[in-house]
Amino acid sequence: MKILVDNSIVDFYGDKTNKTYINVKTQSYPQTEFRFFEGFDIVDQQGGIYFFIAPIITFIVLLNEITTEKEKRLRQGLSVVGVSHFTYWLHWIILAVVYALIVTFSIIAGGHLFNFKVFTRAPILVHFVLFFVFTLAMEFFALFVYTLVPTVKVANTVGYGILLLGIVMQLFL
């Protein structure tokens with residue numbers, strides 16, 4: 001745009017017999033290679049925190065939901081209708097396995113999508129077993145904590161306390 005304006009000014013005020021135009025060649029600003037993050041992998045440094053967050057969120061959600069049922073006495077209502085305790089617990093275990101599968105596949109897909117070396121250099125089965133077992137263990141721990149907490153408020157406090165403890169341990173260990 002500036003070259004057009006400059007050429008118009010030269011054409012208006014310049015010599016009318018000898019048409020002169022300004023020719024400009026441009027190039028991009030030179031950029032040096034940014035060496036600060038050369039060889040740096042965020043997954044090696046802080047990946048543990050991010051791989052811990054998804055299973056702990058399912059832990060908190062499961063603990064919150066099952067404690068809400070406990071607080072509202074929905075299990076006793078199901079017993080009146082004829083649902084056995086086995087069916088009740090089977091429902092929560094199936095839900096925990098489904099949550100664990102969703103979290104596991106999400107973490108593995110994200111790792112491959114962003115081409116993290118941790119995911120591309122190891123077999124998928126290793127990652128699947130690692131994340132699935134860890135997530136399932138956290139969810140079964142939520143079912144255990146459910147037996148100890150009386151209200152949703154206490155359950156949320158315990159859940160977020162475990163989240164905080166896990167993040168602190170990931171940062172300092």
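Are helix 2 and helix 4 roughly parallel or roughly antiparallel to each other? Keep that in mind as you click through this predicted model.

**Stop 1: the helix pair.** Select residues 42-71, which make up helix 2, and residues 85-113, which make up helix 4. The two pack at an angle of about 160°, and their axes are 10 Å apart. Angles over 145 degrees count as roughly antiparallel, so that is how helix 2 and helix 4 run relative to each other. Now look at how they pass: the crossing of helix 2 with helix 4 is right-handed.

**Stop 2: the contact.** Show side chains on the helix 2 face, including Phe51, Pro55, Val61, Leu62 and Ile66. Then do likewise for helix 4, where the residues they meet include Tyr88, Trp89, Trp92, Tyr99 and Ile107. Try colouring by residue type: this contact divides into 14 nonpolar residues, 1 polar and 2 charged. Thr58, Glu65 and Glu69 are also on the helix 2 side, so click on them too while you're here.

**Stop 3: the salt bridge.** Next, head over to helix 1, residues 2-13. How many salt bridges does the structure hold? Just 1, and you'll find it by selecting Asp6 and Lys2. Their closest N and O atoms are 2.9 Å apart. Both residues lie in helix 1, 4 residues apart, which is about one turn of the helix.

Switch on the surface before you leave. Lys2 is exposed, with a relative accessible area of 61%, whereas Asp6 counts as partly exposed at 24% relative accessibility.

Key. Residues numbered from 1 in each chain as written. Predicted model: local features only at pLDDT ≥ 70, side-chain atom pairs only at ≥ 80, totals over all residues. Heavy atoms only, no water. Axes fitted to C-alpha atoms, helices over the stretch in contact; angles between N-to-C directions. Parallel < 35°, antiparallel > 145°, perpendicular 65-115°, else oblique. Left-handed = near helix turned anticlockwise from the far one by under 90°. Contact = heavy atoms within 4.5 Å. Salt bridge = Lys/Arg side-chain N within 4 Å of Asp/Glu carboxyl O. Buried < 20%, exposed > 50% of the residue type's maximum accessible area, 1.4 Å probe, protein only.
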